[in-house]
Amino acid sequence: MAASPSWRREQTGLLQERLIVLAGTPDDSSLIGDDLVLIARLVADRIAAVDYASVTSRYEGAYATVAASSDLAVAVDEAQYRDETGPCLEALDGKHPTAVPDIAATMTWPGFREKALRLGLKASLSIPLFAGSGQIIGALNLYGRHAGPMKALTAAVWGAYEPSTSVAGNHDDDLDDGGRELAAGLIGAMALRDMIQQAIGVIMATTGRNADCAYFMLRMQAAESGATLTDTAVHFIEQEHA
C-alpha cells in the first residue's frame, strides 16, 4: 500500500536521521530491528526510483530478510539465499555497495536475475548498513521497475561510500527528496562511524587492547554513564587532546 501524502510530509528528513542514528547505536541494542523496518519502508515510500526495499541480515550463518516493504522484495531476496549468491549477499559480505544497473544483462547471478525479471524488476542496488561497532549488520536492498532512475541514486550512494571515485560528486539535481535524504544519511553515518572508530583507536592505544575489546569498553562506558555511544566517543577523543 502506498504511503499517504500526509505520512510523506511527516516523515521528511526521517530517513537521513535514522541512518545516522543507526550508525551510533550499539550493535546489541533491541532498537536496531525497528530502525531497519522503518528504513526499508521510508526508502520504498520516499524514493521514486525504488519500488521495493528490504534488509538482509545474517544470523548464526544463515541469511534472512529482517525488514521488507513488500513480499515481492522478500521473494527476490530468498532467490539469492537459495543460491547463496546475489547482490544483497555481496553487499553484506563484501562490505561495499553492489549495483545491478540492468538485471536482464547480468550473467553473474542467474537465480537472482530470473526471479527479479519474472517479477518485473529492471535494476537493483544493495547498500551495507552498520551500527556502532562499525561492523556490517545488514544490506539495504533497493529494487526498481525502471533502470534509468536508479542510475543517479547509485552514483550518489557510491559517492557517499567512496568520495574519491569518479562517480563521486554532487548528484542533488538528479535526485528526489528521498534520494537526497538517503545520500545525506549515508554520508552522515560514515562520518559518525569514522569518529567512533577514532575513539576505539584511542582506547586501543591507551590500554593495549584489540579493537573488539576497545569497542566493548566504549559500549560499557556509555551504558554505565547513561550517555549515548556517540557522546562517549566524543569524550574519549576530547580526553586524548586535553
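Me: Which residue stands opposite Val 100 in β4?

Reply: Good place to start! In this predicted model, Val 100 faces Ser 124 of β4. The two strands involved, β3 and β4, run antiparallel and are joined by three bridges.

Me: Let's widen the view, then. In what order do the five strands of the open sheet come?

Reply: Reading across the sheet, the order is β2-β1-β5-β4-β3, with antiparallel pairing. The strands at the edges are β2 (62–68) and β3 (98–100); each has a single partner strand, so one side of each is left without a neighbour in the sheet. From one strand to the next, the twist averages 25 degrees.

Me: How many bridges link β1 with β5, and how many link β4 with β5?

Reply: Strand β1 (residues 52–59) pairs with strand β5 (residues 136–144) over five bridges, in the antiparallel sense. There you can find Val 55 opposite Leu 140 in β5. Between β4 and β5 there are eight bridges, again antiparallel, and one residue to look for is Ser 126, whose bridge partner in β5 is Asn 141.

Me: What connects β4 to β5?

Reply: They form a hairpin, with five residues between the two strands. In the turn, Gly 134 has a positive phi of about 90 degrees.

Me: Which residues other than glycine have a positive phi, and what should I make of the sign?

Reply: The general idea is that most residues other than glycine have a negative phi. Here, two cases to look at are Glu 60 and Lys 95. Glu 60 has a positive phi of about 50 degrees although it is not a glycine. Its place is in the loop between β1 and β2, and Glu 60 is exposed, with a relative accessible area of 71%. Lys 95 has a phi near 65 degrees, also positive, and is found in the loop between α5 (87–94) and β3.

Me: Back to the sheet: is β4 largely enclosed or left open by the rest of the structure?

Reply: Count the buried residues, taking under 20% relative accessible area as the cut-off. Eight of the eight residues of β4 are buried, so this strand is largely enclosed by the rest of the structure. Both faces are covered: Ala 123, Leu 125, Ile 127 and Leu 129 lie on one side, while Ser 124, Ser 126, Pro 128 and Phe 130 lie on the other.

Me: Which strands does α8 lie across?

Reply: Helix α8 lies across β4 (123–130) and β5, and runs at about 30 degrees to β4.

Me: How do I read the packing of α8 with α2, and at what angle do they pack?

Reply: In general, two packed helices are described by the angle between their axes and the distance between the axes. For helix α2 (residues 14–23) and helix α8 (residues 177–207), the angle is about 20 degrees and the axes are 7 Å apart. Angles under 35 degrees count as roughly parallel, and α2 and α8 are therefore roughly parallel to each other. The crossing of α2 past α8 is right-handed.

Me: Which residues make up that contact?

Reply: From α2 they include Leu 15, Leu 19 and Ile 20, and from α8 they include Leu 182, Leu 186 and Leu 192. By class, the residues of the contact divide into 11 nonpolar, four polar and one charged.

Me: One last residue: is Arg 18 buried or exposed?

Reply: Arg 18, in helix α2, is buried, with a relative accessible area of 18%. Leaving aside neighbours within four places in sequence, Arg 18 is in contact with Asp 35, Leu 38 and Ile 39.

How values were computed:
Residues are numbered from 1 along each chain as its sequence is written. This is a predicted model: local features need pLDDT of at least 70, side-chain atom pairs count only at pLDDT 80 or more; totals for chains, interfaces and linings use all residues. Side-chain values use heavy atoms; hydrogens and water are left out. Axes are lines fitted to C-alpha atoms, for helices over the stretch in contact, and angles run from 0 to 180 degrees between N-to-C directions. Helices (H or I, at least four residues) and strands (E, at least two) are DSSP runs, numbered from the N terminus. Angles under 35 degrees count as roughly parallel, over 145 as roughly antiparallel, 65 to 115 as roughly perpendicular and the rest as oblique. A crossing is left-handed if the near helix is turned anticlockwise from the far one by less than a right angle, and right-handed if clockwise. Contact means heavy atoms within 4.5 Å. Ala, Val, Leu, Ile, Met, Phe, Trp, Tyr, Cys and Pro count as nonpolar, Asp, Glu, Lys and Arg as charged, and the others, Gly among them, as polar. Two strands pair if DSSP finds at least two bridges between them. Buried means under 20% relative accessible area, exposed over 50%, partly exposed in between (1.4 Å probe, protein chains only).
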